[in-house]
Amino acid sequence: MELRFSPLFSGSSGNAIYVGCDDAHILVDAGMSGTRVIQEMMSMGIDPRRLNAILVTHEHADHIKGIGILSRKFDLPIYATEGTWQGMYDKIGPVAEKNRVIFDPEQDFFMGSIDVTPFPIPHDANEPVGYTFEVDGAKLAIATDLGCIRDGWFNRVLGSDAVLLESNYDPDMLEAGRYPYELKKRIKSRHGHLSNDDAGRAAAELVRHGTTQIVLGHLSKENNFPELAMRTCELYLQQAGIAPHEDVQLYVARRDGATGMFSIVAEMR
């Protein structure tokens with residue numbers, strides 16, 4: 001069975017990713033208005049009325065802005081860790097009790113044929129997680145809002161066919177930019193975000209373990225731009241003896257709209 005995914009928005013101003021197969025349709029985060037998320041889904045041929053659930057990575061505004069309205073409009077369950085629910089409960093408006101779903105961040109669960117596995121991530125939020133999704137041997141990982149490369153989350157992502165990987169900032173742009181010192185310190189911390197260099201190093205290791213599609217995401221509007229993120233990753237891959245766009249398909253997710261529809265089948269391994 002084909003596993004499909006579409007980054008609808010990916011950046012510091014808002015994030016939403018569609019993941020689906022024949023019998024399951026999932027939205028991961030909704031950090032833009034409900035109207036805009038619906039528009040981007042429909043532009044990709046995704047009927048929002050067929051969604052089964054919204055999965056939340058953490059409670060920061062760029063990940064939860066639209067989840068309340070989408071839950072109310074389509075009667076959707078919202079899945080999040082207990083800590084994330086505590087952090088976002090008063091930020092998303094009323095949600096039906098039956099649609100408040102708390103899961104164990106160390107336990108997988110199924111949605112249709114999709115095996116969803118959450119994993120803890122190092123970020124300055126209240127019990128944040130990333131996710132992997134598996135169908136018939138095809139595996140996708142969503143790994144953003146990561147302060148650093150740690151064995152814990154990285155081992156969960158290794159072996160994925162496709163990865164949406166954070167490439168948030170260029171260190172020189174961040175250092176020279178207008179952000180206040182404390183915010184720069186937070187972004188660079190081990191509970192902040194991955195730089196382009198971090199993403200490049202991670203990408204090389206991912207490809208060595210079988211990843212064939214990498215979508216660089218969650219780019220900062222102020223401290224990065226797509227061409228720089230792409231070129232930095234290409235250089236790290238080349239240094240590792242990997243041919244970008246030949247040994248691995250490499251893309252950059254758009255901040256302001258859908259990037260495209262990607263698909264994975266187990267035969268790609």
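These legends describe close-up views of a predicted model.

**View 1. Tyr79 and Phe109 form a stacked ring pair.** The structure holds seven aromatic pairs. In the pair shown here, the ring centres of Tyr79 and Phe109 are 5.4 Å apart. Their planes meet at 20 degrees, so the pair counts as stacked. The cut-off for stacking is under 30 degrees. This pair links distant parts of the chain. Tyr79 belongs to strand E5 (residues 78–80). Phe109 belongs to strand E7 (residues 109–111). The two residues are 30 residues apart. Phe109 has a relative accessible area of 15%, so Phe109 is buried. Buried means under 20%.

**View 2. Ring pairs build an aromatic cluster.** The members are Tyr79, Phe103, Phe109, Tyr131 and Phe133. Tyr79 and Phe109, the stacked pair of the previous view, both belong to this cluster.

**View 3. Arg100 lies over the face of Trp85.** Here a charged side chain meets a ring. The distance from Arg100 to the ring centre of Trp85 is 4.7 Å.

**View 4. Helix H8 has the span expected from its residue count.** H8 covers residues 196–208, which makes 13 residues. At 1.5 Å a residue, the helix should span 18 Å. The expected span uses one less than the number of residues. The C-alpha atoms at the two ends of H8 are 19 Å apart, which agrees. After H8 comes Gly210, with a positive phi near 105 degrees.

**View 5. Other elements cover the buried residues of H8.** The buried residues of this helix include Asn196, Asp198, Ala199 and Gly200. Ala202, Ala203, Ala204, Leu206 and Val207 are buried as well. Two helices are among the elements that cover them: H5 (151–157) and H9 (226–239). The cover also includes strands E11 (162–166) and E12 (213–217).

**View 6. Asp136 has a positive phi in a loop.** The phi of Asp136 is near 50 degrees, yet Asp136 is not a glycine. The loop runs between strand E9 (129–135) and strand E10 (138–143). Is Asp136 buried or exposed? With a relative accessible area of 55%, Asp136 is exposed. The cut-off for exposed is over 50%.

**View 7. His245 also has a positive phi without being a glycine.** Its phi is about 70 degrees. His245 is found in the loop between H9 and strand E13 (249–252). The relative accessible area of His245 is 44%, so His245 is partly exposed. Partly exposed lies between the buried and exposed cut-offs.

How values were computed: Residues are numbered from 1 along each chain as its sequence is written. This is a predicted model: local features need pLDDT of at least 70, side-chain atom pairs count only at pLDDT 80 or more; totals for chains, interfaces and linings use all residues. Side-chain values use heavy atoms; hydrogens and water are left out. Rings of Phe, Tyr and Trp (its six-membered ring) pair if their centres lie within 6.5 Å; planes under 30 degrees apart count as stacked, over 60 as edge-to-face and the rest as tilted. Helices (H or I, at least four residues) and strands (E, at least two) are DSSP runs, numbered from the N terminus. Buried means under 20% relative accessible area, exposed over 50%, partly exposed in between (1.4 Å probe, protein chains only). A charge sits over a ring if NZ of Lys or CZ of Arg is within 6 Å of the ring centre and within 35 degrees of the ring normal. Contact means heavy atoms within 4.5 Å.
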